Amino acid sequence: MFKSGFVTIVGRPNVGKSTLTNKIMGEKLSIVSNKPQTTRNNIQTILTGEDYQIVFVDTPGIHKPKHKLGEYMVNSAKDSIKEVDLVLFLINPCDEIGKGDKFIIEALKSQNAPVFLVVNKVDENTHERVAKTLDMYSKEYDFKEIIPISALRGKNVDTLVELMVQNLPEGPQFYPEDMITDVQERFIVSEIVREKALRNLRDEVPHGIAVDIIQMKQNEKGTYHIEVDLICEKTSHKGIIIGKNGAVLKKIGETARYEIEKLLNAKVNLKIWVKVRKEWRDNNLLLKELGYKKLK
């Protein structure tokens, strides 16, 4: 009996959704940063075993939007809850249920798929706090399973996968067994560059940046030549991104190139240009050009 299905991971920004996806897959497919709202697009990753295939949809965190990009992210996350076979609601231990999680719980009540409550970062909290969290949330919703984990350390992640397989329906193998993601290499490359920018920039800059791959081609010797526009909203941000004597941009480029070479298993010549596009997060045309196509 072969089981298969689609699983969506929902939760507030920065609770560890991408970290969990990467741990399950054993590959760095979703960018990870300590900045909230890191994930902007639903990334499909595919886990195939001998008798199952799980297609994961990693969603942007649900939050109160402040601009059109924020609206896109929230709509994308809410849409992902519909028409899936299983929902993982990822939270962190807390003292009370916040407005964001209450909003997610209400959204979950309108769909029929089973929901797992996955409590992340249990290794960073006391047993008492974790127990209090489990008690509070179980009173708000009838979860199919409640699983405490550490996505970073891998604690109980294998158990989580086993429970997911048990709760999936019988079905076909949707993708070839050696396929682990349905996103193109260009997208993963752009996400790597964006992650390195997030890690190296000040707090006020990261949400105002986007990455556009202008060129990505491989020559006869196997070397990739990649040109990237790193887009920001303000001229002052451009100076911050470049840094004194180009130091910040150089570090972004070096760390990104190292990871892209591992991804492509080839030498990479990476050029990054910093461009100012004022208020691009509120410009529908620019947003769609940059790949945010689900705007409503």
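**Exercise 1. Determine the burial class of Cys94 and Cys232, and the number of disulfides in the chain.**

Solution. Cys94 has a relative accessible area of 12% and is buried, where buried means under 20% relative accessible area, exposed over 50% and partly exposed in between (1.4 Å probe, protein chains only). Cys232, at 0% relative accessibility, also counts as buried. For the second part, a disulfide is taken as a pair of cysteine sulfur atoms within 2.5 Å. By this rule the count is zero disulfides.

The basis of these exercises is a predicted model, in which local features need pLDDT of at least 70 and side-chain atom pairs count only at pLDDT 80 or more, while totals for chains, interfaces and linings use all residues. Residues are numbered from 1 along each chain as its sequence is written, and side-chain values use heavy atoms, with hydrogens and water left out.

**Exercise 2. Characterise the chain as a whole: its secondary structure elements, its buried fraction and its exposed area.**

Solution. Begin with the elements: the chain holds nine helices and nine strands, these being DSSP runs numbered from the N terminus (helices H or I, at least four residues; strands E, at least two). Next, of the 296 residues in the chain, 52% are buried. The exposed area of the chain is about 14,900 Å², of which carbon and sulfur atoms supply 46%; accessible areas come from the Shrake-Rupley method with a 1.4 Å probe, and for residues only the protein chains shown count as cover. Finally, consider contacts, meaning heavy atoms within 4.5 Å. Among those between residues at least 6 apart in sequence, 72% join residues at least 24 apart.

**Exercise 3. Explain why strand E4 is described as largely enclosed, and identify its pairing partners.**

Solution. Strand E4 spans residues 86-91, and six of its six residues are buried, so the strand is largely enclosed by the rest of the structure. Its side chains divide into two sets: Leu86, Leu88 and Leu90 point one way, Val87, Phe89 and Ile91 the other way, and all are buried.

For the partners, two strands pair if DSSP finds at least two bridges between them. Strand E1 (residues 3-10) pairs with E4 in the parallel sense over four bridges, and here Val10 stands opposite Phe89. Strand E5 (residues 115-119) also runs parallel to E4, joined to it by five bridges; Leu88 has Phe116 in E5 as its bridge partner. From E4 the chain crosses through helix H3 (residues 99-108) to E5 in a right-handed β-α-β crossover. Right-handed means that, with the strands pointing away from the viewer, the path from the first strand over the helix to the second runs clockwise.

**Exercise 4. Locate Lys121 and Asn156, and state the sign of phi for each.**

Solution. Lys121 lies in the loop between E5 and helix H4 (127-138). Its phi is near 60 degrees, a positive value in a residue other than glycine, and its relative accessible area of 26% makes Lys121 partly exposed. Asn156 belongs to the loop between strand E6 (145-148) and helix H5 (157-166). Although not a glycine, Asn156 has a positive phi of about 65 degrees; at 31% relative accessibility Asn156 is partly exposed.

**Exercise 5. Describe the sheet that contains E7, E8 and E9, and the helices that pack on it.**

Solution. The sheet is open, has three strands in the order E7-E8-E9, and shows mixed pairing. Its edge strands are E7 (210-218) and E9 (268-276), each of which pairs on one side only. From one strand to the next the twist averages 15 degrees. E7 and strand E8 (residues 224-232) are antiparallel over eight bridges, with His225 in E8 as the bridge partner of Lys217.

Helix H6 (residues 185-200) lies across E7, E8 and E9 at about 130 degrees to E7. Helix H8 (residues 247-264) packs on the sheet, touches E7, E8 and E9, and makes about 135 degrees with the direction of E9. Such angles run from 0 to 180 degrees between N-to-C directions, and the axes are lines fitted to C-alpha atoms, for helices over the stretch in contact.

**Exercise 6. Compare the settings of Ile241 and Ser138.**

Solution. Ile241 is in helix H7 (residues 235-242) and counts as buried at 0% relative accessibility. Ile241 and Ala197 are 44 residues apart in sequence, with their C-alpha atoms 7.9 Å apart. Ser138 is in helix H4 and is partly exposed at 35% relative accessibility. Beyond its neighbours within four places in sequence, Ser138 contacts Phe143 and Ile146.
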